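Visitor: I am new to this structure and should be grateful for a close look at a single part of it. Please begin with one pair of strands, and then continue to whatever else may help a newcomer.

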Amino acid sequence: MAVAQDGKQKESSDQNFDYMFKLLIIGNSSVGKTSFLFRYADDAFTSAFVSTVGIDFRVKTVYKNDKSIKLQIWDTAGQERYRTITTAYYRGAMGFILMYDITNEESFAAVQDWSTQIKTYSWENSQVILVGNKCDMEEERIVSVDSGRLLAEQLGFEFFETSAKDNINVKQTFESLVDIICDKMADGLETDPAASTGTPSTRLTDNLVPTQQSDCSC
């Protein structure tokens, strides 16, 4: 009986949020997507590289304007052979972190292709932040800050340089993405914040939790 009660309590806790945002981290293999997610979700970093197979995700709850927002953050594989699998997860995503490695020109050149995939497979109003990762490796830098910023401007994305290793701008990137999504929702754009759980499209002013009246203006 105790086990059943614990299970019910956990289920209730898992559902105790006002909004859910599905976010994806995409980009070429080895740019640091998994390390970036682990740094944000667990505040941990490991230098051991293990390529993501297919897709994985973490959940983190943040709070904004007295509302709880459950972030379902998907870490995708960058290899071409997993592309069909990962693009299937684009549907319903409200935000993307599109990542390249500042020491790898090829990963930067691929940003345009990744951007096209977002436009092709995701909700048309998904928000994107371009991230130049591994900025701790300044001596090995190939892609300049100005090049990254210029490309972000051309694509209409926000831009950050980050380091999962040194914990530079990791939290700020996610906070900025959440802020952008909230701003767009507040403007009245229709969204699909919880497609994976079958929650219907909503606006920021709609009520996801029937017993509560939402007044979030994010």
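Guide: In this predicted model, a suitable place to begin is Ile 129, which stands opposite Glu 158 in strand S6. The two strands concerned are S5, covering residues 127-133, and S6, covering residues 158-161; they pair in the parallel sense, over four bridges. Helix H6, made of residues 145-155, belongs to the same picture, for S5, H6 and S6 make a right-handed β-α-β unit.

From there one may turn to the aromatic rings. A search of the whole structure finds seven aromatic pairs. The rings of Phe 36 and Phe 174 form one of them: their centres are 5.6 Å apart and their planes stand at 25°, so the pair is stacked, planes under 30 degrees apart being counted in that way. This pair links distant parts of the chain, since Phe 36 lies in helix H2 and Phe 174 in helix H7 (residues 170-186), with their positions 138 residues apart in the numbering. Phe 36 is buried, as is Phe 174. The rings of Tyr 90 and Phe 96 form a pair with another geometry: the centres are 5.2 Å apart and the planes at 65°, so this pair is edge-to-face, the cut-off being over 60 degrees. Tyr 90 and Phe 96 are both buried.

Phe 36 and Phe 174 also belong to a cluster, in which ring pairs link them with Tyr 40. The ring of Tyr 40 has a charged group over it: the charged end of Lys 60 sits there, 5.1 Å from the ring centre.

Helix H2 (33-42) leads to a further residue, Asn 28, which is found in the loop between strand S1 (19-27) and this helix. Asn 28 has a relative accessibility of 15% and therefore counts as buried, the limit being under 20%. Its side chain makes a polar contact with the side chain of Trp 114, at 2.8 Å.

Finally, two cysteines may be considered. Cys 135 has a relative accessibility of 16% and so counts as buried. Cys 182 is buried as well, because its relative accessible area is 0%. As for disulfides, the structure holds zero.

Key
Residues are numbered from 1 along each chain as its sequence is written. This is a predicted model: local features need pLDDT of at least 70, side-chain atom pairs count only at pLDDT 80 or more; totals for chains, interfaces and linings use all residues. Side-chain values use heavy atoms; hydrogens and water are left out. Two strands pair if DSSP finds at least two bridges between them. A crossover is right-handed if, with the strands pointing away from the viewer, the path from the first strand over the helix to the second runs clockwise. Buried means under 20% relative accessible area, exposed over 50%, partly exposed in between (1.4 Å probe, protein chains only). A polar contact is a pair of N or O atoms within 3.5 Å; within protein, one must be able to donate a hydrogen and the other to accept it, and residues adjacent in sequence count only if both atoms are side-chain atoms. A disulfide is a pair of cysteine sulfur atoms within 2.5 Å. Rings of Phe, Tyr and Trp (its six-membered ring) pair if their centres lie within 6.5 Å; planes under 30 degrees apart count as stacked, over 60 as edge-to-face and the rest as tilted. A charge sits over a ring if NZ of Lys or CZ of Arg is within 6 Å of the ring centre and within 35 degrees of the ring normal.
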